Amino acid sequence: MTVRCRFAPAPSGSLHVGNVRSALFSWLWARHNDGVFILRVEDTDASRVTEEAFRGVLDDLRWLGLEWDEGPEVGGSHGPYRQSERGEIYREKLAELLAGGHAYRCYCTEAELEERNEAARGRGEAPGYDGHCRDLTDDQRAAYEAEGRPPVVRFRMADTEQVVDDLVKGRVRWAPGELRDFVLARADGSPVFLLAVAVDDLLMEVTHVVRGDDLLASAPRNARVIEALGGTAPVYAHVPQVLGPDRRPLSKRHGSTSVRSFREMGYLPEALVNYLALLGWSPGDDREVLSVAEMIDAFDLARVSSNPAAFDTEKLTWLNNRYIQSLADDDLAARCVHFLVEAGVGVEPDVLRHAMPLVKERMKTLTEAVELLRFLFSDDIAPNEKAAGILAKAPPGYLKEAAEALDASPAWDTETIAATLDGLGAGAGLNRTKAWQPIRAAVTGSNVSPPLPESLALLGKERTVERIRAAAG
RNA sequence: GCCCCCAUCGUCUAGCGGCCCAGGACAUCGCCCUUUCAAGGCGGAAGCACGGGUUCGAAUCCCGUUGGGGGCACCA
């Protein structure tokens, strides 16, 4: 049987990394089994959903490389894939459940429900729907109808022990009566999540549901609805929440947690995917840096950890640098362009490409290309505080001398420049650090830069000499 | 309140009864390399929440305690 996994986000603009991890595990499982990955958008709450928020989610997934086989924009034989377009289907299935006696109309008002809940609490009993309208007689029903009470539709939950064999949590049980009859459709007839998910998973022939463990208790409800509709429930895998550094569930409160924000901070999708895969899963050996192919090959839902993991930006950053180092110069340069342009630095593609070997091991994020390489593309290199200090401490006449020596250089390659610089230092009785730092400060405006001879070679003789002369005053 | 989930270095994890006086990675500390900053190499410190069992033997199994988290909606 073909494995069919799905990811069903609400369109939020940009996915947060916790959701993405669920999506990733679902996707990896589909790919591992040569199965199908479905994207379904849970936009039933149409009032809050904008087209922009919808697009944001698709963009995030594509950027991460989590391509879907069925879903919005790619189609598929089980559509439509937006819940907002499936109203008719839900109405149909709701009628089916009602007709089969698996669901019933409940006339209790919210006030009545609340009142009885309070009373239950007062008696030390568990709150929750008490089954008031479960077995109304025709007369009672008629009386409520006559009152004009708008009914909701509730699912008749089996009064037996409920068991879910979860791929990551193991066997989980709920005592009889623990899971109450829940609402499938609101008084206005609109479907709620519990109906929509069950119907969609059934009709889309989903075999494995991978999602956050905050939904663990809805698994038996989903399963019973699917069965009431004549289907077979999928296998569930509830992955733990992703925690923030304070060990509380990740939320907006933690600042930048959306895919978009990591993208804007200069993280590579490869690094984010690799990092997220390692959050709660490991291949079982000591590998940490894994290609997508290796992840697909090694992935197993049964190996996903059942305890919650905290998101650690430092390790993500380390991985990011590893991936930056591994990229080809062309590729890296292309990815840096956006950030340089964004910062107002106009780039020369050829120079940029040749600068990559100089910066790839010192860039933790792509945004750092800006500070590292600005001096190559802009002549506005006013020295920062430390650079100014270095310049002030340079021996009198040293910079002028350096400018002349470099200007007189017969060739302009790394070796020649290094030799010239060394000759200069020797003449002034300075070691390399003392001899080179003033040059660095004069040319880059900073005390920190890529390797000096290579930088000067890229900058060109004219601009180098000009800047040193300017600094010499 | 009731129910459910979870518990190995600061963090992510390996470990599924003897291979473990617990292995790897990030972070951290020290040394090396070194033109700055990085990167890299080598080394160190750091953990089985607690208490009972079971067993010849427990990080691994069972029970309890404690501590986190989630659920108990006409939200998803």
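A pocket here is an open set of grid points with protein on both sides within 12 Å along at least five of seven lines, and its volume is the space filled by probe spheres set on the points. With that in hand, the largest pocket of this predicted model comes out at about 990 Å³. Its lining counts 42 residues, and those closest to the centre are Ala8, Pro9, Ala10, Glu42 and Phe193. Several elements chip in with at least two residues each: strand E1 (4–7), helix H1 (17–32), helix H3 (87–99), helix H6 (193–203) and strand E8 (208–212). H1 gives the largest share, at four residues. Sorted by class, this lining holds 20 nonpolar, twelve polar and ten charged residues.

Next comes the second largest pocket, with a volume of about 290 Å³. Two helices, H8 (259–264) and H12 (329–342), are the elements that give two or more residues to its lining. The largest share, four residues, is down to H12. Among the residues found around this pocket are Trp63, Tyr267, Leu268, Pro269 and Leu366, along with the arginines Arg260, Arg263 and Arg335. Glu264, His338, Phe339 and Glu342 also belong to the lining. Split by class, the second largest pocket is lined by six nonpolar residues, one polar residue and five charged ones.

Now for the RNA. Around RNA strand B there are 60 residues, and the ones that come nearest are Arg186, Arg248, Arg362, Arg432 and Arg440. On the RNA side, 69% of the atoms that come within 4 Å of the protein belong to sugar and phosphate. The protein surface near RNA strand B is a mix of 25 nonpolar, 13 polar and 22 charged residues. At least two of these residues come from each of strand E4 (152–155), strand E6, strand E11 (309–310), helix H11 (313–326), helix H18 (432–444) and helix H19 (452–459).

A few polar contacts with the RNA can be picked out one by one. Lysine 364 has a polar side-chain atom 3.1 Å from a phosphate oxygen of RNA strand B. For lysine 315, a polar side-chain atom sits 3.2 Å from a sugar or linking oxygen of the strand. With glutamate 361 it is the backbone that takes part, as one of its polar backbone atoms is 2.6 Å from a sugar or linking oxygen of RNA strand B.

Two of the strands that help form the RNA surface, E4 and E6, also turn up in the strand pairings. E4 belongs to an open sheet of three strands, ordered E3-E4-E7 and paired in the antiparallel sense. Strand E3 (103–106) and strand E7 (183–185) stand at the edges with a single partner strand each, so one side of each has no neighbour in the sheet. On average, and ignoring direction, neighbouring strands of this sheet are turned by 45° against each other. Two bridges link E4 with E7, the two running antiparallel. Valine 153 has alanine 185 in E7 as its bridge partner.

As for E6 (residues 170–174), its antiparallel pairing with strand E5 (residues 162–166) runs over five bridges. Together E5 and E6 make a hairpin, with three residues between them. Within this pair, aspartate 165 is found opposite arginine 171 of E6.

Methods:
Residues numbered from 1 in each chain as written. Chains lettered and ligands numbered in written order. Predicted model: local features only at pLDDT ≥ 70, side-chain atom pairs only at ≥ 80, totals over all residues. Heavy atoms only, no water. Pairing = 2+ DSSP bridges. Near = heavy atom within 4 Å. Polar contact = N/O pair within 3.5 Å; in protein donor to acceptor, adjacent residues only side chain to side chain. Nonpolar A, V, L, I, M, F, W, Y, C, P; charged D, E, K, R; others polar. Axes fitted to C-alpha atoms, helices over the stretch in contact; angles between N-to-C directions. 1 Å grid on protein atoms, 1.4 Å probe; cavity = no way out; pocket = protein on both sides within 12 Å on 5 of 7 lines; lining within 4 Å.
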